[in-house]
Amino acid sequence: MQKLAPIVLFVYNRIWHTRQTVKSLAENDLAKESHLIIYSDYARNDKDKESVLQVRNFINTIEGFKSINIIERDSNFGLAVNIISGVSEVIKKYGNVILLEDDIVCSKTFLTYMNKLLSYYESNNAVFSVTGYTFPINIPEDYIYDVYFSPRASSWGWGTWIDRWLKVDWEVRDFHSFIKNPELVKSFNIGGGDLTKMLKEQMQGKIDSWSIKWSYTHFKNNAYCVYPTKSRLRNIGADNSGVHTDKTKKFDVNIFENNSELKLTEEVKLDDRIIGNLQKFFSQNKMRKMVEKISNILSK
């Protein structure tokens, strides 16, 4: 039997979301054979102290895993730093990792699926990460595989290996040369027209996102993320409760529970139809904002 990847869970102050995440994770077939490492960030202000304490009281009661290691931060790291440092610590010890945040509800087959993909694509240098989530886009009926490839990395229920993770330049030192090159910008946006915008805002200090740097790392290395054609998880945090979440149903999906043998492919190749649907999905928000802006102007 293959060595199972450790699960790293990041929590903060959302007790209801954390309970749902842990419950779904513990119901997985491989939970009892998996190591669970939990990083609990410290309150960033007095207002959050009580809710952070509630979450910490709860995670110290968790059972049902091979081992449980809880790291309680004694100062506020913030989401990005907490994830970067936490993943780096765990992956150096184990070599790979499965990561979840406190607003991800997964299927009972999520760990089986993730460990299968981490094993299957470990030696394929064109794959930098795998994920259990897929966006609500149309998959062509004649598409024969259970996974597809995208240059866009996922930050919801994902996994990777140490050699890929260590390639990230968290300072993005080549940003200025990148942003001045229209061809590079166009190529980066194949994964969604919002990618360059997010990277630019990150470099301007307008947002604090580790995941856009992770996507940029995929792009720089001509690498891809493996997505399922049917989602093994859904995000329950798009309710204005999190750091980077607004209230929306845009990303809602049904959870796929089937545990049949996966039909995978070693050939890392983009399906133009799927990528086209992915690009349309991420252009919808841009179009909506444009329509709203025009409406506001006309109403004045």
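Trainee: In which sense do strand β4 (residues 96–101) and β8 pair, and over how many bridges?

Mentor: They pair in the antiparallel sense, over four bridges, and please keep in mind throughout that the model we are reading is a predicted one. To follow the pairing residue by residue, begin at Val97, whose bridge partner in β8 is Thr160. Strand β8 also pairs with strand β6 (residues 127–131), again in the antiparallel sense but over two bridges, and here Thr131 has Trp158 of β8 as its bridge partner.

Trainee: Which way do the residues of strand β8 (residues 158–161) point, and are they buried or exposed?

Mentor: The general idea comes first: in a regular strand the side chains alternate between the two faces of the sheet. In this case Trp158 and Thr160 point one way from β8, while Gly159 and Trp161 point the other way, and all of them are buried.

Trainee: Which residues lie on each side of strand β7 (residues 147–150)?

Mentor: Val147 and Phe149 lie on one side, Tyr148 and Ser150 on the other, and since all four are buried, both faces of β7 are covered. The partner of β7 is strand β9 (residues 224–228), with which it pairs in the antiparallel sense over four bridges, and within that pairing Tyr148 stands opposite Tyr227 of β9.

Trainee: How should I read the sign of phi, and what is the phi of Val172?

Mentor: Most residues other than glycine have a negative phi. Val172, which is not a glycine, nevertheless has a positive phi of about 45°; this residue lies in the loop between α5 (162–165) and α6 (175–179), and it counts as buried because its relative accessibility, 3%, is under the 20% cut-off. Asn222 likewise has a positive phi, near 50°, in a residue other than glycine, and its place is in the loop between α9 (211–220) and β9. With a relative accessible area of 60%, however, Asn222 is exposed.

Trainee: What does Ser34 touch, leaving out residues up to four places away in sequence?

Mentor: Its contacts are with Leu4, Ile7, Phe65, Lys66, Ser67 and Leu111. Ser34 lies in the loop between α1 (15–26) and β2 (35–40), and with a relative accessible area of 1% this loop residue is buried.

Trainee: Where is Val52, and is this residue buried or exposed?

Mentor: Val52 has its place in helix α2 (residues 49–59) and counts as buried, at 4% relative accessibility. Its C-alpha atom is separated by 4.3 Å from that of Asn13, although the two residues are 39 apart along the chain. Apart from neighbours within four places in sequence, Val52 is in contact with Tyr12, Asn13, Asp41 and Ala43.

Trainee: Among contacts in the protein chain between residues at least 6 apart in sequence, what percentage join residues at least 24 apart?

Mentor: For the protein chain that percentage is 83%. The secondary structure of the chain comes to ten helices and ten strands, and buried residues make up 49% of its 300 residues.

Trainee: What radius of gyration does the protein chain have, and why would one call that value in agreement with a compact globule?

Mentor: The protein chain has 19 Å, which agrees because a compact globule of 300 residues would have a radius of gyration near 19 Å. Along the principal axes, the C-alpha trace spans about 55 × 50 × 35 Å. The chain exposes about 15,300 Å², of which carbon and sulfur atoms supply 49%.

Conventions. Residues numbered from 1 in each chain as written. Predicted model: local features only at pLDDT ≥ 70, side-chain atom pairs only at ≥ 80, totals over all residues. Heavy atoms only, no water. Rg over C-alpha atoms; globule rule 2.2 N^0.38 Å. Buried < 20%, exposed > 50% of the residue type's maximum accessible area, 1.4 Å probe, protein only. Contact = heavy atoms within 4.5 Å. Areas by Shrake-Rupley, 256 points an atom, 1.4 Å probe, with all protein chains shown as cover. Pairing = 2+ DSSP bridges.
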